[in-house]
Amino acid sequence: MEYAAIRHFADKRYCYAVENGHFLIRLEVKKGDAIKIILHIQDKYLPVKLIDTRQKHIMKLTYSDHYIDYYETIIEIDMVCLRYFFEIEDTSGKIIYYGNHNFYDECITDIEKMYDCPQTLREEERFELPKWAKNKVIYQIFPSRFASDKKIDETIWYQTPIDQNADLKGSFRGIINHLNYIKELGIDIIYMTPIFSSNSSHKYNIDDYYKIDPSFGSKEDLKELVDKAHKLGMFIILDGVFNHTSMDFFAFQDIREKKEQSQYLNWYYIKNFPLIMERGKRPNYKTFSYAYPMPKLNLQNEETADFIMDVASYWIKECNIDGWRLDVADEISHTFWKRFRREMKAIKKDILLIGEIWHFAGDFLEGDEWDSVMNYQFYHSVLDLISSETLCPSTFMENLNFVKGNLNRCLEGYLWNFIDTHDTARFIHSVHNDIKKQMLAASLQLLLPGMPMIYYGDEVLLKGGSDPDCRRGMLWDKNRQNKEVFHYYQTLIQIRHEYPVLTEGTITEQYTDDKKGLIYISRHLNIQNIILIFHTQKGTVNLPQLKGMRNLIHNQIFSGNLEDYETVVLVK
């Protein structure tokens, strides 16, 4: 047994309340090392010789990634403080006991050698998430390129490739006019990239946070969009670009004019003067990346932080938006985000806060900062599994399990699972226009737990290479749309909505077959039982034992054969 791989901390990553009185305890061990793990618990303050509160709970192997097995159990307790330790049996039959970061050959009886968990503290720290958002389907819109309320020449709207500065005159009114289309697709949430005053098409360099960019419309138009979306049962999330501004933002303008005498010097990270603002030269002030037109805000400065808090609060109060997607969120301090969460939740308790981060984000997801993240681990894994085919099914699942095993269990239904965005090449481009591969990726995205985020146009096979070409005008001409793909997306979303077992059900069986390229998942919830199979390779795979079940995707009896890159959703 590899002792160095055994890992547990008595904190809210490994020991937390899933609800009052019910606690999840997690232990990590080296993959394949243990055959049985028992959790021993007892009350800290009641001596065993007076009242024996000792209990044993067999822990379940819940997830496995490349190197680690994650064992978990949920216990029910009612006490001031819990004390606990682990009994671990390895494959040779050897048993050790692990408590308070030490190993013992004999069962632990001294409570000072056990882990400690104060119940009320953990319950007060419980990760509370907006119930309305769990497992909902998101539609990402790039407002300047989605729809216009003006008549635009087709040669302009459908230009390919498209550059950064193309003006397609997309607007809120255009989005409003297509809300029924979005609803018909089955969307629950609309997320729009930045909408505030800016001189770019992408609007990530904002010059006025209190002003809607005139090209999109007005504040009243935004209110109307939110109101009409709400009436259709949909929610609206805005993009919060709080890491940096444009050079035309009032505070940076003042610095440019007054230099060392500016009252806003502490709003940014200025090294010295004169400011270096030339393409190809490294700025002498902090920026987003090293892009001189996007100076980075100093949110450790109280005045700057107050300003952003007011901005974010303003749009919640004024337009009743439902969430903020937070741009470059991992480059802003934990101190700021803790305050941000407190203040936004005080205004609207069920506001959804999503951080943009391109790597694992466990330290931001402990219940006191963001609600979730854009799940780039999912994106990269799907890309490697389907596009480059450098990932086998077992490794794909291990990648997903790493995330699950290292985050609070409640987050699984909130991770934003996507296959492309405004920052990446279109998935159909990445798979060299292979429609079957696009449909396989969509099925992984839409049939697994989480919040699948569809980038506008994917559902009709809108193409495009890397940024900025991934931001082409939406395909509104029906002759340009791929109706088969649209119907496929629509069907998957409908199945997702009608069968909560897909996202909420208990996994009764799960395995992968790398040789055949299969991912098999069986789930159960109440009276619903469902089998999901993803075939990730070319060729035909025969599964005679499942022949005769109904495939929900095509609403027909399953023949027992899986074709190239095919997905089936089977019920009896």
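**Exercise 1. Cis peptide bonds**

In which loop is the place of proline 161? Locate it, and then describe the peptide bond that precedes proline 161.

*Solution.* The structure is a predicted model, in which local features need pLDDT of at least 70, side-chain atom pairs count only at pLDDT 80 or more, and totals for chains, interfaces and linings use all residues. Residues are numbered from 1 along each chain as its sequence is written, and side-chain values use heavy atoms, with hydrogens and water left out.

Step 1. Proline 161 belongs to the loop between α3 (154-157) and α4 (172-176). Helices (H or I, at least four residues) and strands (E, at least two) are DSSP runs, numbered from the N terminus.

Step 2. The bond from threonine 160 to proline 161 is cis, with omega near -15 degrees.

Step 3. Aspartate 467 and proline 468 are also joined by a cis peptide bond, with omega about 10 degrees. Proline 468 sits in the loop between β20 (451-455) and α14 (483-498).

**Exercise 2. The buried side of α7**

Determine which residues of helix α7 (residues 250-258) are buried, and where they lie around the axis.

*Solution.* Step 1. Buried means under 20% relative accessible area, exposed over 50%, and partly exposed in between (1.4 Å probe, protein chains only). The buried residues of α7 are Ala251, Phe252, Asp254 and Ile255.

Step 2. These residues cover an arc of only 155 degrees around the axis, so they are on the same side of α7. The arc is that of the directions from the helix axis to the C-beta atoms.

Step 3. An α-helix has 3.6 residues a turn, so residues three or four places apart point the same way.

Step 4. Just after α7, lysine 259 has a positive phi of about 55 degrees.

**Exercise 3. The loop between α7 and α8**

Is asparagine 298 buried or exposed? Contrast it with serine 289.

*Solution.* Step 1. Asparagine 298 lies in the loop between α7 and α8, and serine 289 is found in the loop between α7 and α8 as well.

Step 2. Asparagine 298 is buried, with a relative accessible area of 12%, whereas serine 289 is partly exposed at 48%.

Step 3. Leaving aside neighbours within four places in sequence, asparagine 298 is in contact (heavy atoms within 4.5 Å) with Asn266, Trp267, Tyr268, Tyr269 and Thr304.

Step 4. Serine 289, although not a glycine, has a positive phi of about 55 degrees.

**Exercise 4. Packing of α6 on α8**

Give the geometry of the packing between helix α6 (residues 219-231) and α8, and name the residues in contact.

*Solution.* Step 1. The helices pack at an angle of about 65 degrees, with their axes 10 Å apart. Axes are lines fitted to C-alpha atoms, for helices over the stretch in contact, and angles run from 0 to 180 degrees between N-to-C directions.

Step 2. Lys219, Leu222, Lys223 and Val226 of α6 meet Tyr314, Trp315, Glu318 and Cys319 of α8.

**Exercise 5. The nonpolar cores**

How many residues has the largest nonpolar core?

*Solution.* Step 1. A nonpolar core is a set of buried Ala, Val, Leu, Ile, Met, Phe, Trp, Tyr and Cys residues joined through side-chain atoms within 4.5 Å. The largest has 148 residues; those with the most contacts inside it are Tyr139, Met192, Leu222, Trp324 and Phe340.

Step 2. Helix α8 (residues 302-319) gives the most to this core, with nine residues.

Step 3. Another core, of 24 residues, lies apart from it and includes Ile6, Ala34, Ile37 and Cys117.
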